[in-house]
Amino acid sequence: MSEISEGIAGTIGPDAQALLARAAGAEARGRRALRAAIDDAFLAPETRLDDRARIALIGLVDALATAIGQDVRDHAARVLIGRGEAGLAEALAAGSVALADRLAGAGVLRDPELVGECLARVRCELIAAALPAEAPADPDTPSLVVRLTGSTDPVVAEAATAVLAGESQRRAIAEGGVVNASGLPPAIHRRLTWWVAAALREAAAAAAGDAPSMLDRAVIEAALRNIAANEGQDRLEAAAMRLAEAIDAQADELPTLLDEALRDRRVSLMTAFLAHALGVDYEMAREIVLDPTGERLWLSLRALELPRPAIARVGYRLCEADGRRDLDGFADMLDVVAGLDPRSARRAIAPLTLHPEFRTALAAFDGGRP
């Protein structure tokens, strides 16, 4: 049968061969489309992404891939020019491959860690953008972070400055700037950079002819440079944690700091204050803050001995900014949470404060019970 197909292919032009190839794959594409439609149709409402989150997630992944791709492409082209391969450099620089689409087509964007990190980042940004705008009592008073950059404590001032730099980096990515720091955790950034490098190499492979080694070496060098630069940069989340640790808020200071962070629409900073106060890592605190059901957050705030008005301010702001949350449900629960003894709340959230790898191990054993 294959001999007959090869014989037929030899008698027709390349356009017709491409048509036959696409037709041959139509059945498989149809099966994949049906499976995707079934998965989407039966998603529980609470797990389905709303349009804003979906668009923002796709936009962030596209922006990250594009920014990394531009940096890798530019440096690889410079390397090739320096090695006398101007034609190959031009072919690489002129490539118009849609990187996010190519990565999605290869299936690599289904990576749970990458998508989980990007989705958490998107949700923080959407909540921050939707938080009620509240003018300070004194309009000349700068925001909390700006004030902290002028702190007499150099550790606090440096961390606050790093937070502002991290926010600036995030805006540059969103606006399509060429950056070599994605703000992703190093392991995730490395994976994404290598996927982008492979897509760029694939797009320029035809120009390399039968000797792709020069192209490969240039792309690898550029990817390694990008990875090293990212690992040398401060992530916004890490800077926010450093700031929270440097301030080391006492119990009576925490409500004001959480309140100011939310009024300034800095969800990442509010999350860092919570993480430091609870003694958990940033990722665990972010999971608590972003959980739309909210029970763990309300218990955490009570475990930290926040009074009812402070819990109410946090809860109402988040409910107004996040359409997934139930404002009436929070109002009904507020008296119960506020009346809870802080020691009981601390016992309830104690498992959240365990080492993250230990929690993962416990969850694996729990999932294996008969």
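Leu-34 sits in helix α3, which covers residues 26-41; helices are DSSP runs of H or I with at least four residues, numbered from the N terminus. The model is predicted, so local features need pLDDT of at least 70 and side-chain atom pairs count only at pLDDT 80 or more, while totals for chains, interfaces and linings use all residues. Numbering starts from 1 along each chain as its sequence is written, and side-chain values use heavy atoms, without hydrogens and water.

Leu-34 is exposed, at 53% relative accessible area. Exposed means over 50%, buried under 20%, and partly exposed in between (1.4 Å probe, protein chains only). Together with Ile-38 and Phe-42, Leu-34 makes a nonpolar surface patch of about 360 Å². Patch residues have over 30% relative accessible area and no salt bridge; nonpolar side chains are joined within 5 Å and like charges within 9 Å. A salt bridge is a Lys or Arg side-chain nitrogen within 4 Å of an Asp or Glu carboxyl oxygen.

A patch of negative charge on the surface gathers Glu-245, Asp-248, Asp-252 and Glu-253. Glu-253 lies in the loop between α12 (236-247) and α13 (254-263) and is partly exposed, with 37% relative accessibility.

The structure has zero disulfides, a disulfide being a pair of cysteine sulfur atoms within 2.5 Å. Two cysteines are set out below.

| Cysteine | Closest cysteine sulfur | Relative accessible area |
|---|---|---|
| Cys-124 | Cys-118, 12 Å | 9%, buried |
| Cys-319 | Cys-124, 16 Å | 9%, buried |

Cys-319 forms no bond with Cys-124 because the 16 Å between their sulfurs is too far.

Technical notes:
Accessible areas come from the Shrake-Rupley method with a 1.4 Å probe; for residues, only the protein chains shown count as cover. Helices (H or I, at least four residues) and strands (E, at least two) are DSSP runs, numbered from the N terminus. Lys and Arg count as positive and Asp and Glu as negative; His and the chain ends are not counted. The place of a charge is taken as NZ of Lys, CZ of Arg, CG of Asp or CD of Glu.
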